[in-house]
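Work through the exercises below with the model open. Each task is followed by a stepwise solution.

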Amino acid sequence: MLRLPLLLLAVMIPGGDNEDGIQGPTSYHVIQISTFANSTWAQNQGSGWLDDLQIHGWDSDSGTAIFLKPWSKGNFSDEEVTEIVDLFRVYLTGFIHEVQDQVGKFQLEYPFVIQGRAGCELHPGKAISSTLRGALGGLDFVSIRNNSCVPAPEGGSKAQQFCALITQYKGICDIIETLLSKTCPRYLLGVLDAGKAELQRQVKPEAWLSSGPTPGPGRLLLVCHVSGFYPKPVWVMWMRGEREQPGTRRGDILPNADWTWYLRVTLEVAAGEASGLSCRVKHSSLGGRDIILYWGHPTSIILIALAIIVPSLILLICLALWYWRRWSYQSIL
């Protein structure tokens, strides 16, 4: 257990978290999930994230980092990246051994899961804060910030025991503080600069309406779908004229495979009250020109019909022309 705090440092080498007020992502953090099934089997999972965008993975079988973007290394040299990957590999292997050795001392019962999140975030004004947080079984365990370990109330005596152990080793705490306050911010600024062309792009959303499962007799569930937008912040609301409808329910913003986002927003109404309702979408890529879709609007129906019919008509015309030319050629012969 004496080496555990030192091994935890490897998680923070790239480090980060999240904040608003700046264009594009503002944080980087590494997530570690270590599962201990019994005294002989354990597994580590690792990933690195810019806000909600994953840019690093970890192949636990080969002990190798996966760089998901060409700019995922930031401004770190190849030598620095190799050193970090090697340190991460040593850390993950040593972490499992250290925890298994201390199961009895900390009165842990199999199976259990240890989770860690460490990194730094950029605030308005270019101030950067860093932190490390650990959890045991999904409950907060400890946090390390400003060269001090703080046990979480949920961690009980185990968390207090862990922090008491760490504070005995000032050198280790100093290394943690250096990695959090210097190495992580340097990486964060470097990767934001290296990936800015992609991170600061603007992609306009597409929106469409549909009805959901019937909530009950005489009721309708109106669904507004918004997809393909980037960056993530978006405002979507069911409206009647200029009045926001308080029954609007917003789902989770989900990722698409192309690094854009999808959102589903619903409203339950009486069947006779659906007329006149609209879904309004605001997004930075729209330049202030909101998308407004009206429920049951004839234009929407016509556009959908045209989208289906026009390609079919074009295909039929092309087939007719091909057949006519072939028939004409055979007639001449």
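## Exercise 1: the sheet of eight strands

Strand 7 (residues 139–145) and strand 8 pair in the antiparallel sense over four bridges. Pairing here requires at least two DSSP bridges between two strands. Strands (E, at least two residues) and helices (H or I, at least four) are DSSP runs, numbered from the N terminus. This is a predicted model: local features need pLDDT of at least 70, side-chain atom pairs count only at pLDDT 80 or more, and totals for chains, interfaces and linings use all residues. Residues are numbered from 1 along each chain as its sequence is written, and side-chain values use heavy atoms, with hydrogens and water left out.

**Task.** Find the residue in strand 8 that stands opposite Val142, then place strand 8 in its sheet.

**Solution.**
- Step 1. Val142 faces Pro151 of strand 8.
- Step 2. The open sheet has eight strands, ordered 4-3-2-1-5-6-7-8, with antiparallel pairing.
- Step 3. Strand 8 (148–151) is an edge strand, as is strand 4 (64–67); each has a single partner strand, so one side of each lacks a neighbour in the sheet.
- Step 4. From one strand to the next, the twist averages 20°. Axes are lines fitted to C-alpha atoms, for helices over the stretch in contact; angles run from 0 to 180 degrees between N-to-C directions.

## Exercise 2: two hairpins

**Task.** How many residues lie between strand 1 and strand 2, and how many between strand 2 and strand 3?

**Solution.**
- Step 1. Strand 1 and strand 2 are antiparallel and share nine bridges. Thr35 is opposite Gln43 in strand 2.
- Step 2. Five residues separate these two strands in their hairpin.
- Step 3. Four bridges hold the antiparallel pair of strand 2 and strand 3. Gly48 has His56 of strand 3 as its bridge partner.
- Step 4. Two residues separate strand 2 and strand 3 in their hairpin, and Asp51 in the turn has a positive phi of about 50°.

**Task.** Is Ser47 of strand 2 buried or exposed?

**Solution.**
- Step 1. Apply the cut-offs: buried is under 20% relative accessible area, exposed over 50%, partly exposed in between (1.4 Å probe, protein chains only).
- Step 2. Ser47 has 15% relative accessibility, so Ser47 counts as buried.
- Step 3. The side chains of Ser47 and Trp49 make a polar contact of 2.7 Å. Such a contact is a pair of N or O atoms within 3.5 Å; within protein, one must be able to donate a hydrogen and the other to accept it, and residues adjacent in sequence count only if both atoms are side-chain atoms.
- Step 4. Beyond four places in sequence, Ser47 is in contact (heavy atoms within 4.5 Å) with residues including His29, Gln54 and His56.

## Exercise 3: helices and a loop

**Task.** What is the span of helix 2, and what is expected?

**Solution.**
- Step 1. Helix 2 covers residues 78–101, 24 residues in total.
- Step 2. The expected span is 1.5 Å times one less than the number of residues, giving 34 Å for helix 2.
- Step 3. The first and last C-alpha of helix 2 are 35 Å apart, close to that value.
- Step 4. Buried residues of helix 2 include Val81, Ile84, Val85, Phe88 and Leu92. An α-helix has 3.6 residues a turn, so residues three or four places apart point the same way.

**Task.** Which strands does helix 4 lie across?

**Solution.** Helix 4 (residues 170–194) crosses strands 1, 2, 3, 5, 6 and 7, at about 65° to strand 5.

**Task.** Where is Gly74, and what does Gly74 touch?

**Solution.**
- Step 1. Gly74 sits in the loop between strand 4 and helix 2.
- Step 2. Its relative accessibility is 21%, so Gly74 counts as partly exposed.
- Step 3. Gly74 and Asp193 are 119 residues apart in sequence but 7.5 Å apart C-alpha to C-alpha.
- Step 4. Outside four places in sequence, Gly74 touches Tyr187, Gly190, Val191 and Ala194.

## Exercise 4: Arg280

**Task.** Which side chain forms a polar contact with that of Arg280?

**Solution.**
- Step 1. Arg280 belongs to strand 16 (residues 277–282).
- Step 2. With 14% relative accessibility, Arg280 counts as buried.
- Step 3. The Glu242 side chain is the partner, at 3.3 Å.
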